[in-house]
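User: I should like to learn how to read the features of a structure that is new to me. Where should one begin?

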Amino acid sequence: MKKDIHPDYHTIKIIMTDGTTFETRSTWGKEGATMRLDVDIASHPAWTGVHRLMDSGGQLSKFKSKYQGFSLKE
């Protein structure tokens, strides 16, 4: 490896959304820094299987009313 071109690889602390913590190595932050996660495997729908639809600005309700009668089922 070339010298002085790679970022510093050090230990940081990760705090999950449920409060559990673990240590890992990363190039993020400084040695001993703490990263607090907003989304992780305990809260993300891809892992939990619980999907919540957020309607911002009525876009979801506009879509539902526009395609209300459309269905592939007979």
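Analyst: Let us begin with the term that strand partners depend on: two strands pair if DSSP finds at least two bridges between them. In this predicted model, the bridge partner of Ile-12 in S2 is Thr-24.

User: How many bridges join strand S1 to strand S2?

Analyst: Strand S1 (residues 10-15) and strand S2 (residues 21-26) are joined by 6 bridges, and the two strands run antiparallel. Besides the Ile-12 and Thr-24 pair, Ile-14 has Phe-22 as its bridge partner in S2. S1 and S2 form a hairpin, with 5 residues between them. In the turn, Gly-19 has a positive phi of about 95°.

User: Do S1 and strand S3 run parallel or antiparallel, and which residue in S3 is the bridge partner of Lys-13?

Analyst: S1 and strand S3 (residues 34-36) run parallel and are joined by 3 bridges. The partner of Lys-13 in S3 is Thr-34.

User: In what order do the elements of the protein run from the N terminus?

Analyst: The order is β-β-β-α-α, which comes to 2 helices and 3 strands.

User: How should one read burial, and is His-10 buried or exposed?

Analyst: A residue counts as buried when its relative accessible area is under 20%. His-10, found in strand S1, has a relative accessible area of 2% and is therefore buried. Across the protein, 9% of the 74 residues count as buried.

User: Which residues does His-10 touch, not counting those up to four places away in sequence?

Analyst: Contact here means heavy atoms within 4.5 Å. By that reading, His-10 touches Thr-24, Arg-25, Ser-26, Thr-27, Trp-28, Gly-29, Lys-30 and Glu-31. With Trp-28 there is also a polar approach: the side chain of His-10 reaches the backbone oxygen of Trp-28 at 2.9 Å.

User: How does distance in sequence compare with distance in space for Ala-33 and His-10?

Analyst: Ala-33 and His-10 are 23 residues apart in sequence, and 9.4 Å separates them in space, C-alpha to C-alpha. Ala-33 is found in the loop between S2 and S3. Leaving aside neighbours within four places in sequence, Ala-33 is in contact with Thr-11, Ile-12, Lys-13 and Trp-28. For the protein as a whole, among contacts between residues at least 6 apart in sequence, 8% join residues at least 24 apart.

User: Which residues form the nonpolar patch on the surface?

Analyst: The patch is formed by Phe-63, Tyr-67, Phe-70 and Leu-72, which together have about 530 Å² of accessible area. Of these, Phe-70 has its place in the segment after helix H2 (59-66). Phe-70 counts as exposed because its relative accessibility is 61%, the cut-off for exposed being over 50%. The protein exposes about 6,900 Å², and carbon and sulfur atoms supply 55% of this area.

User: What is the phi of Asp-4, and how should one read it?

Analyst: The general idea is that most residues other than glycine have a negative phi. Asp-4 is not a glycine, yet has a positive phi of about 65°. Asp-4 lies in the segment before S1 and, at 82% relative accessibility, counts as exposed.

Key
Residues are numbered from 1 along each chain as its sequence is written. This is a predicted model: local features need pLDDT of at least 70, side-chain atom pairs count only at pLDDT 80 or more; totals for chains, interfaces and linings use all residues. Side-chain values use heavy atoms; hydrogens and water are left out. Helices (H or I, at least four residues) and strands (E, at least two) are DSSP runs, numbered from the N terminus. Buried means under 20% relative accessible area, exposed over 50%, partly exposed in between (1.4 Å probe, protein chains only). Accessible areas come from the Shrake-Rupley method with a 1.4 Å probe; for residues, only the protein chains shown count as cover. Patches are made of residues with over 30% relative accessible area and no salt bridge: like charges are joined within 9 Å, nonpolar side chains (Val, Leu, Ile, Met, Phe, Trp, Tyr) within 5 Å. A salt bridge is a side-chain nitrogen of Lys or Arg within 4 Å of a carboxyl oxygen of Asp or Glu. A polar contact is a pair of N or O atoms within 3.5 Å; within protein, one must be able to donate a hydrogen and the other to accept it, and residues adjacent in sequence count only if both atoms are side-chain atoms.
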